[in-house]
Amino acid sequence: MPISLCLSFLAFFALAFSMGRHRQQMTVRRLGAFGRFSAPAGWGLLLLSPLPFALLPNEGIALTEWFGVLTVAATGVLLMLTYRPRALPLAAAAVSVLLLILALLVVLPGRV
Amino acid sequence: MTGEGSLRQSMSWLHGWAGLVLGWLLFAVFLTGTIAYFRQEVTAWMQPELAGSVPSPQAAELAVAALQQRAPDAGSWRIGLPTPRSNTVSISWQDRQSLDVKRGEERGGRGGRGGGRRGGGESLILDASTGAVLTPRKTAGGNFLYRFHFELYALPREWARWIVGLATMAMFVAIISGIITHKKIFKDFFTFRPAKGQRSWLDAHNATAVLSLPFHIMITFSGLLLFASTLLPLTERFAGGEDRRGERGAARALEAAHIESLQNRAASDVAGGAALAPLVPMLAEAEKLWGQPVSRITITDPGRPGAMVELLPTWNDKLIQHSGSGGLGAVKMRFGGRTGERLESEEDLPETLTARVDTALGSLHRARFAAPTLRWLFFLTGVGGTIMVGSGLILWSVKRAQRLRGAPPGRGHRFVDHMNVAGVAGLFIAVAAYFWANRLLPTGLAGRGEWEIRAFFAVWCLCLLHPLIRPLKRAWIEQLSLGGLLFAGIPVLNAITTRAHLGNTLVSGNWIYAGFDIVALVTGICLLQAARRVALHRPRAIASQPPLMPAASAYTAQAAE
């Protein structure tokens, strides 16, 4: 669930980033490479976000959890855009690092 | 005239009225329903005498020892082990005579609902580490809020279900018409513009609606299905859902016969001695197979040759597993009582596709399968739904106040404003009063649970009267502040009246009790913050233009909050 939460938070961040009004809120001037690809990146991440739940034994409960995670992630992005818009890119960077650590924690024990 | 425009307009009209007519009831249903996700935890908090119990691995053995001492000849024993939602052990037993009567009925296929509770039985709550008997205060607990959520109170059951059922239908209409009315679902997905009057209420309403839309659709549709047998009595015959009474009797008879044959098998096995085999290995075996701990143990015919142990898991792990009374029963494991050998492991799933869909939607609504994290997600989306209904109600009034441009509101509009105060802010006060009554009423009071409920309704009625004698804006501020103070005061009150306060529960990691106090505190702070916002708000539209009529414009200023 934490991995999916990170993925969907990043997905919603990317989607918000692709929208002009929200980019202004984040006071990002230059589009940069990410700006051009943020919409497809957001949708891509959103498609990836249910994958961690594929490990769960029951698809019904997995689907339920995924919907809950999506709601929480989107609410997080919305609240940050409203009250701390400039910190949102930073938060997204922090979440990316967290995601990397979580992913390593899942993958590594299998390798060692 | 463009087709789309008129469709959207008529849908907007439909959305406004479908939402308003039963809106206050829907708000109460959402608020109490959201709390009901933590029904057990709320009940636990309302019995602070139980807070000192700490779950231990010896809980099952302590329970068996207590049962052996108190009811060695009972026909059956039941043990409820500590779970993430309860830190005590509950034991109950049933006399042999009354059990025999019940079994006879089951064999005849006439087994009634909840037959296990009939006379000749007793139940106790034990400390999970010491085995000492705990005597909690009497309380209506989380159960009252849960029941109120779909059966209201003191009304005939069928009537109440009809009323809430109609509200659910209105909710369903409001969801569909709301989606059609919403102009820019994707464009406004992340949009919330605070402190902008009507704009903000619309944003809040849209955001809470859209972001938890899967939850809203699920909860409303499954809610309707749960009422199906009330609203459409004939469906029972076709749907084959969870509640077919007639077939249940037959199923019980079959089950009783099956258990008897298992018991005979256990009795013929001479390997074991007369005593009950240790439970711990059985619990371990079940936990290994299920991947989750056992929460309930039933021992049939303890101390007899045919003694049998039946184990249930802590939560369902599939949506299509029937969540019967207490949310379990689809998955069972049975052991020979003397040998400790596993006799069978059973999973009972509905057979037809319709029954499976029906069961899955029922499971989703009640969320009894949900482990703690998922339960919190349900709770949070429920909070979103509560805000959605509340902001929708206020939006109705704000929108019309804007249109009046300072003209005095009509009687209907004033009625809506009045009801909004009592139905939204007042309900928070009533719920808080319910919890305060639990701590303040004398513990030995006869009919204590009833008095808690009376406190709830008495306070709510006062909240209904209060806006009559106060200007609208003052009424909002006062009720929100009072609700905020009462909620934020709950941890303080708890610290004064009990030992189950945050100072102890946080230290010992007792999250059932600590969680309640923290959620109450957060709720209180949010309500106080809302009161402050209302108090500080100066509507711009009114300030920039000279008022038409002083009294009327002052009124709109209040309504625009």
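This passage walks through the sheet of chain B, its core, its two domains and its contact with chain A. The model is a predicted one.

Start with the sheet. Eight strands of chain B make up an open sheet, ordered β4-β3-β2-β1-β5-β6-β7-β8, with antiparallel pairing. The edges belong to β4 (133–134) and β8 of chain B; each has a single partner strand, so one side of each goes without a neighbour in the sheet. Helix α4 (residues 59–70) of chain B packs on this sheet, where it touches β1, β2, β3 (121–126) and β5 (294–300) of chain B. The direction of α4 makes about 35° with that of β2(B).

Within the sheet, strand β1 (residues 76–80) of chain B is joined to strand β2 (residues 89–94) of chain B by 5 bridges, and the two run antiparallel. Two of the facing pairs can be named here: B:G80 stands opposite B:S90 in β2(B), and B:S76 stands opposite B:Q94 in β2(B). On to the next pairing, β2(B) and β3(B) are linked by 6 bridges and again run antiparallel, with B:V89 opposite B:L126 in β3(B). As for burial, β2(B) is mostly covered, with 5 of its 6 residues buried.

Further along the order come β6, β7 and β8. Strand β6 (residues 308–313) of chain B runs antiparallel to β7(B), and 4 bridges join them; B:L311 has B:M333 in β7(B) as its bridge partner. On to strand β8 (residues 342–347) of chain B: 5 bridges join it to β7(B), once more antiparallel, and B:K332 is partnered by B:E346 in β8(B). β7(B) and β8(B) form a hairpin with 5 residues between them. In that turn, B:G340 has a positive phi of about 70°. Strand β7 (residues 331–336) of chain B has 5 of its 6 residues buried, so the rest of the structure largely encloses it.

Now for the core. The largest nonpolar core counts 159 residues, and the ones with the most contacts inside it are A:F13, A:V77, B:F27, B:A63, B:I429, B:A432 and B:A433. Helix α16 (residues 411–440) of chain B gives the largest share, 16 residues. Both domain 1 (3–46 + 370–559) and domain 2 (52–138 + 243–347) of chain B give residues to this core, so it lies between them. Take B:F27 as an example: apart from neighbours within four places in sequence, it is in contact with B:T386, B:V389, B:G390, B:L393, B:G423, B:V424 and B:L427.

The two domains also deserve a look of their own. The domain assignment splits chain B into domain 1 (3–46 + 370–559) and domain 2 (52–138 + 243–347). Their contact takes 10 residues from domain 1 of chain B and 7 residues from domain 2 of chain B. On the domain 1 side, α3 (39–45) and α17 (448–469) of chain B each supply at least two residues, and the largest share, 3 residues, comes from α3(B). By class, the side of domain 1 of chain B that touches domain 2 of chain B holds 4 nonpolar, 4 polar and 2 charged residues.

One loop residue is worth a stop. B:V54 sits in the loop between α3 and α4 of chain B. With 16 other C-beta atoms within 10 Å, B:V54 counts as partly exposed, because 20 or more would make a residue buried and 12 or fewer exposed. Leaving aside neighbours within four places in sequence, B:V54 is in contact with B:N87, B:A128 and B:S129. B:V54 and B:K288 are 234 residues apart in sequence, and their C-alpha atoms are 23 Å apart in space.

Last comes the contact between the chains, which takes 20 residues from chain B and 19 residues from chain A. On the chain B side, α8 (198–211), α9 (213–226), α14 (353–366) and α15 (372–404) each supply at least two residues. The largest share of that side, 6 residues, comes from α15(B). The residues of the side of chain B that touches chain A divide into 15 nonpolar, 3 polar and 2 charged.

Terms used. Residues numbered from 1 in each chain as written. Chains lettered and ligands numbered in written order. Predicted model: local features only at pLDDT ≥ 70, side-chain atom pairs only at ≥ 80, totals over all residues. Pairing = 2+ DSSP bridges. Contact = placed C-beta atoms within 7 Å. Axes fitted to C-alpha atoms, helices over the stretch in contact; angles between N-to-C directions. Core = buried A, V, L, I, M, F, W, Y, C linked by C-beta atoms within 7 Å. Domains from an automatic or database assignment. Nonpolar A, V, L, I, M, F, W, Y, C, P; charged D, E, K, R; others polar.
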